[in-house]
Structure formats: structure tokens, C-alpha cells
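Good morning, everyone, and thank you for making room for me in today's meeting. I would like to walk through one protein chain, beginning with a single loop and working outward from there, so please have the picture in front of you as I speak.

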Amino acid sequence: MFYPYEDLRRTYVVMSDGAATVTPSGGGRGVSVLVMCDSPTETVLGGDAQSDELTLRCLSADLPNARRGDLVTWQGARYRLRRDPEKLLDAREQRLALERV
């Protein structure tokens, strides 16, 4: 289902889990963006264990140049982007997979 961009922006303003600051790995100024937290649980090791991967969702327009290795500060903790962002919803949103620094 596709939403007008303005409705998607309003959704982030109302339902966000706060702001995260993303700083390019090569240096430069950090950018603050509204994010929604998502921690999907995956079954790994042939069903012997479960893994929670912390991911944040944000609007692609707010963070167009995010790349693997960029630093993310969210709720007082520091993370690194585990891989390049995954585009969602016709590329208007992106999922940021994080690993703790």
C-alpha cells in the first residue's frame, strides 16, 4: 500500500521512537532524523537459537547518503550501520541495520 509522502512524513512525526543522529564514517557533520525502532527476531543455527537485530526505519529523503559503517547515536547508545540501508515502500523509507560500537 502506498501513501502520499505528506502522510508518511506525518506518521513519522506522530509515531517515531525519537531522533537518531547519523554521522558519515568518513567524517563530517551528523544529521538528525526521526526513526522508528524495529527489532525482528530471527531463528538461527538451524533453530537452536534466536537473534534480535536492532533496526531503525527512517525516511529515505532525510538520510539519502547513508552507507555501511556510518555511526548512529540513538537513545544515548552508539551503533554502526551493519550494511547499506535497505529500501522499503517504493524507496521512500529505508531500514538501517545496526551493530553496537
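Let us start with Q75, which sits in the loop between β7 and β8. Please keep in mind throughout that what we are looking at is a predicted model. The phi angle of Q75 is near 50°, a positive value in a residue that is not glycine. That deserves a remark, because most residues other than glycine have a negative phi. Is Q75 buried or exposed? With a relative accessible area of 61%, Q75 is exposed, because the cut-off for that word is over 50%.

Now let me place this loop between its two strands. Strand β7 covers residues 71–74, and β8 covers residues 77–81. The two strands pair in the antiparallel sense over 4 bridges, and they form a hairpin with 2 residues between the strands. If you would like one pair to find on the screen, look at T73, whose bridge partner in β8 is R78.

Strand β7 also has a partner in β1, which spans residues 19–23, and here again the strands run antiparallel and are joined by 4 bridges. In this pairing, T23 has L71 of β7 as its bridge partner.

Which side chains of β7 are buried? They alternate along the strand: V72 and W74 point to one face and are buried, while L71 and T73 point to the other face and are not.

V72 takes us from the strand into the interior. The largest nonpolar core has 16 residues, and the ones that touch the most other members are L56, V72 and L98. Two or more residues of this core come from each of β1, β6, β7, β8 and β10, with the largest share, 3 residues, given by β8. As a general remark, nonpolar side chains in soluble globular proteins tend to be buried together. If we leave aside residues up to four places away in sequence, L56 touches a list of residues that includes A20, C37, V72, W74 and L98.

C37 brings me to the cysteines. C58 is buried, at 0% relative accessibility, whereas C37 is partly exposed, with a relative accessible area of 32%. How many disulfides are counted in this model? The count comes to 0.

There is another positive phi to look at, in A91, where the value is near 70° and the residue is again not glycine. A91 lies in the loop between β9, residues 86–88, and β10, residues 93–100, and A91 is partly exposed, at 41% relative accessible area. A61, in the loop between β6 and β7, is exposed at 53%. Although A61 and A91 are 30 residues apart along the chain, their C-alpha atoms are separated by 9.3 Å.

Finally, let us step back to the whole chain. Its secondary structure comes to 1 helix and 10 strands, and, read along the sequence, the helix is followed by the strands. Of the 101 residues, 31% are buried. Among the contacts with a separation of 6 or more, 44% are between residues 24 or more positions apart. The chain exposes about 6300 Å², and carbon and sulfur atoms supply 48% of that area.

Terms used: Residues are numbered from 1 along each chain as its sequence is written. This is a predicted model: local features need pLDDT of at least 70, side-chain atom pairs count only at pLDDT 80 or more; totals for chains, interfaces and linings use all residues. Side-chain values use heavy atoms; hydrogens and water are left out. Buried means under 20% relative accessible area, exposed over 50%, partly exposed in between (1.4 Å probe, protein chains only). Two strands pair if DSSP finds at least two bridges between them. Contact means heavy atoms within 4.5 Å. Accessible areas come from the Shrake-Rupley method with a 1.4 Å probe; for residues, only the protein chains shown count as cover. A disulfide is a pair of cysteine sulfur atoms within 2.5 Å. A nonpolar core is a set of buried Ala, Val, Leu, Ile, Met, Phe, Trp, Tyr and Cys residues joined through side-chain atoms within 4.5 Å.
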